[in-house]
Amino acid sequence: MASNEHSPVGDGRGATAGFRLDVIAGLTAAAVVLPKAMAYATVAGLPVSVGLYTAFVPMIIYALLGTSRVLSVSSTTTLAILAGTQLGLAVPDGDPGKLITATATLTAMTGGLLILASLLRFGFVANFISSPVLIGFKAGIGLVIVLDQVPKLLGLHITKEGFFRDILSIAGHLSETSLLTLAIAAAALVALLAMERLWPHSPAPLLAVAAGIALSWFAGLEALGVSTVGFIPQSLPSITLPSLGLARELLPGALGIALMSFTETIAAGRAFAAPSDPPIRANRELLATGAANLGGALFGAMSAGGGTSQTAVVRAVGGHSQGASLVTAAAAAATMLVLAPMLGLLPQAVLAAIVIVYSIGLIKPADFWSVRKVRRMEFQWALAAFLGVLLFGTLQGIIVAIVLSFIGLARQAASAKVYVVGRKRGTDRLRPLSPDQDDETFEGLLILRPEGRLFFANAQQVADQAQMLVAKHKPKVLVLDMSRVFDIEYSALQMMMEGERRISEHGVTVWLAELNPDVLAYVRASGFADQLGPDRLFVNTRTALQHYLASTAPAAA
């Protein structure tokens, strides 16, 4: 397989083998993607045909514009629940016509925001949600989705009022459970879980759908009270125009969905990029995902993004280009044109089972435990993001996740460290002092090394640490090793100048060493360099140490 993948372009056999692999990968991915796309449409409260549309148009557009060779783009679990939440707010009565228009508007706005972000070069935003916060957010989403599908497993109908109220509502209606629906759901769950365990990335969803349709056909399940998908139009998607009147109401949801769509897309693209693949370009991915959503909106698709599980199928089967996605899209078109009447017989309980099996993977207790072992504070952020989704809802949960990420970023930036530096015995190597190292220090000299950007948020903290260490060691000369300070803001510079004046009144002389060109330019522009004088600025800390030792040697003699 590897030899085919790296065959020269002019090698006909390599091109034929590559095409064959892409066709196989595309058809295999279709067996996984299409049933899941229909299931995700039900998560959003939309007809299953919308899921097929989402596996058709967006996938084609991304295949033509994206930078990933194998990324498969359609709807995902997270995007489906976010879209469903926003659509529920915009169309509370669930009117089918209004839902379709609202979906087109929401998806178009998502695409427009992603394209705008691409033009503004906002690709770096993909790194702004920290991994622990994303772990908590996705776990909360996963739990919400599982609970959302439980009534379909039981054959119940409840009014959704929020996670904890829904639990109470389901408990209150348990006596109304349809035993036949529950039996079908249980069989589908067991079969899907068993196949995924024994045969990972298998077309298990397709087999479950086929079995559900066959059972519905032969047993007449709809006549027995089992809810089925119902009528699906046997045609390709038609043009659907967004509504400007809904734009303001749907904007918050579109912002959240755009952020998650891009975050998931870039993460999946990077995760499955082979060493020989071209690099994933974040701003181009914004454009490709935005165009996929904008184009999909005009044909009735819901919000789309890169899917991890379906991309894993493409890579595992040997797909090595976006030809695989084009084959999957063609399979979606064939399904709409040929198989639509049969899909209408599918029990809703089977779709619910598919959603649960492929959403429960979002809940990863082991990831929480891994974060807790390394960083307890980040574990608390993950837990807060998790609870934020359950308590405030999915869209508000995104805000909680973003706020927590920025708080974490600000906290880390504001927590600058100041190290006492010594010299490793027998060498000229300078390093922070550690209890398990016997490094040299020098009487009357204190070398401090602040680390990171010095700015208004951490300037006082750095000054307090330095003042405490000066009071503890009582030096005659304080050397500030600035080698780890890549930038210094005006407030921090003013505080440093004031601190120098204050400790000089107590007989302590301040030297600065190893300033980078930018920081040195700021020091000079502020007048601090003139305040110190040229004999107290050193190229590096070793030079400052040698100067101190040379100046104190006669006194010691």
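A residue is called buried here when its relative accessible area is under 20%. The structure on display is a predicted model, and the tour below begins with a strand to which that term applies throughout.

**Strand 6 and its partner**

Select strand 6, residues 477-481. The strand is mostly covered, with five of its five residues buried. Colour its side chains by direction: Val477, Val479 and Asp481 point one way, while Leu478 and Leu480 point the other way. Such alternation between the two faces of the sheet is what a regular strand shows.

Next, add strand 5, residues 445-450, which pairs with strand 6 in the parallel sense over four bridges. Two positions help to align the view: Leu445 stands opposite Val477, and Leu448 has Leu480 as its bridge partner.

**The whole sheet**

Widen the selection to the open sheet of six strands, whose order is 4-3-5-6-7-8 and whose pairing is mixed. Strand 4 (430-432) and strand 8 (537-538) stand at the edges; each has a single partner strand, so one side of each is left without a neighbour in the sheet.

Now display helix 19, residues 459-473, which packs on the sheet. This helix touches strand 3 (418-423), strand 5 and strand 6, and its direction makes about 160° with that of strand 5.

**Aromatic pairs**

The model contains five aromatic pairs. One of them joins Phe455 and Phe456 edge-to-face, at 5.3 Å centre to centre and with 80° between the planes. Is each partner buried or exposed? Phe455 counts as buried because its relative accessibility is 11%, under the 20% limit. Phe456, in contrast, has a relative accessible area of 60% and is exposed, because the limit for that class is over 50%.

Move on to Trp511 and Tyr548, whose ring centres lie 6.4 Å apart with the planes at 70°, so this pair is edge-to-face. Trp511 belongs to strand 7 (residues 509-513) and Tyr548 to helix 23 (residues 541-556), so the pair ties together parts that are 37 residues apart in sequence. Both Trp511 and Tyr548 are buried. Add Phe538 to the selection, since Trp511, Phe538 and Tyr548 form one aromatic cluster.

For a charge over a ring, select Arg372 and Phe379: Arg372 lies over the face of Phe379, at 5.9 Å from the ring centre.

**The nonpolar cores**

Select Leu46, Phe137, Ile141, Leu192, Leu351 and Ile354, the residues with the most contacts inside the largest nonpolar core, which has 106 residues. Centre the view on Leu192. Leaving aside neighbours within four places in sequence, Leu192 is in contact with Ala204, Pro205, Ala208, Ala353, Ile354, Val357 and Tyr358. Another core, of 30 residues, lies apart from the largest one; Val470, Leu493, Leu515 and Phe528 are among its members.

**A buried acidic residue**

The final stop is Asp166, placed in helix 8 (residues 163-172). What is the relative accessibility of Asp166? The value is 10%, so Asp166 counts as buried. Show its surroundings: not counting residues up to four places away in sequence, Asp166 touches Leu147, Ile158, Thr159, Lys160 and Glu161.

Methods: Residues numbered from 1 in each chain as written. Heavy atoms only, no water. Phe/Tyr/Trp six-rings, centres within 6.5 Å; stacked < 30°, edge-to-face > 60°. Buried < 20%, exposed > 50% of the residue type's maximum accessible area, 1.4 Å probe, protein only. Lys NZ or Arg CZ within 6 Å of the ring centre and 35° of its normal. Core = buried A, V, L, I, M, F, W, Y, C linked by side-chain atoms within 4.5 Å. Contact = heavy atoms within 4.5 Å. Pairing = 2+ DSSP bridges. Axes fitted to C-alpha atoms, helices over the stretch in contact; angles between N-to-C directions.
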